[in-house]
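Here's a quick briefing on how some of the helices pack, plus a look at one pocket. Have the model open as you read.

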Amino acid sequence: MPVGSSHTATATARHVINITVHGIGPAVREFDPGEDKTWVSIAQFEQLLDAAEGRTDVRIKFDDGNASDVEIALPRLIERGLTAEFFLLAGTLGDRGRIDQGGVRELLAAGMTIGSHGWAHRDWRRIDSVQAREELDDAPRVLSELTGRPVSHVAIPFGSYDRRVLRRLREAGTTRAYTSDGGRSRPNSWLQARTSLRHDMDAHCIAHVLDPDTSLVRRTRDTAARTIKRVRP
Ligand SMILES: [Zn+2]
């Protein structure tokens, strides 16, 4: 785990905002259904980084192990002194458009951390026990062998979970599970929400995701102002 200012913030920040990035830039493989909705341009990704810079309460996560994690994201993270957590699909390593072993080594060498996104991007609410073993036990084990580090943080594919999925994750030794439920999380909770960067988000929208409080305060103030106006004669 990288130490430094972000490590200190883990202990002190009351809430964190977890943002998930999927693919960036030109597509180099066929999209899975719906994947185009979370594929962003380099400009959008840089808008996110600009907004996240200096924010110890913002955590950047990458899902799906796309090659763009290494080719596009990594140099830009390094340039800004940012770190991120990359959730890889153990069963797709080295596939066309996906991270390969060399890419994993590059991420580690730059101080990035690796988590598991399972084996084959299945919906964990709809898998049998054999597939569950592959997704929840084999995938983190393979990634751990590859990285030489414990891999116990997991990002749930499609954000699809129920009580049975969470129980299986706990049984598999997962020490942190990430959903796609959106909103803020407590920095040390076992289950943490994330918000996906989407193809239709501009800088304004990204700022809103990173600062939900600002808009809430403004909304509350506006409502209060309207109420006062109403009661005035
Ligand atoms: Zn995914």
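In this predicted model, helix α2 (residues 42–52) and helix α7 (residues 203–210) have axes that come within 10 Å and cross at roughly 40°. An angle like that is past the 35 degrees limit for roughly parallel, so α2 counts as oblique to α7. Helix α2 also packs on α3, and there's a pocket to look at too.

**α2 against α7**
- The crossing of these two helices is right-handed.
- On the α2 side, the contact comes from Gln44, Gln47, Leu48, Ala51 and Ala52, and α7 brings in Ala203, Ile206 and Leu210.
- Sorted by class, that's six nonpolar and two polar residues, with no charged ones.

**α2 against α3**
- Helix α3 covers residues 68–79, and its axis comes within 11 Å of the α2 axis, crossing at roughly 30°.
- The two helices are therefore roughly parallel to each other.
- Here, too, α2 makes a right-handed crossing.
- Ile42, Phe45, Glu46 and Leu49 of α2 meet Ile72, Ala73, Arg76 and Leu77 of α3.
- This contact has six nonpolar and two charged residues, and no polar ones.

**The second largest pocket**
- This pocket holds about 320 Å³ of space.
- It has 19 lining residues, and those closest to its centre are His22, Thr38, Asp64, His121 and Phe158.
- What's the lining like by class? It has eight polar, eight charged and three nonpolar residues.

Terms used
Residues are numbered from 1 along each chain as its sequence is written. This is a predicted model: local features need pLDDT of at least 70, side-chain atom pairs count only at pLDDT 80 or more; totals for chains, interfaces and linings use all residues. Side-chain values use heavy atoms; hydrogens and water are left out. On a 1 Å grid over the protein atoms alone, a cavity is a set of points where a 1.4 Å probe fits but cannot get out, and a pocket is an open set with protein on both sides within 12 Å along at least five of seven lines; lining residues have an atom within 4 Å of a point. Grid points are joined across faces, edges and corners, and a volume is the space filled by probe spheres set on the points. Ala, Val, Leu, Ile, Met, Phe, Trp, Tyr, Cys and Pro count as nonpolar, Asp, Glu, Lys and Arg as charged, and the others, Gly among them, as polar. Axes are lines fitted to C-alpha atoms, for helices over the stretch in contact, and angles run from 0 to 180 degrees between N-to-C directions. Helices (H or I, at least four residues) and strands (E, at least two) are DSSP runs, numbered from the N terminus. Angles under 35 degrees count as roughly parallel, over 145 as roughly antiparallel, 65 to 115 as roughly perpendicular and the rest as oblique. A crossing is left-handed if the near helix is turned anticlockwise from the far one by less than a right angle, and right-handed if clockwise. Contact means heavy atoms within 4.5 Å.
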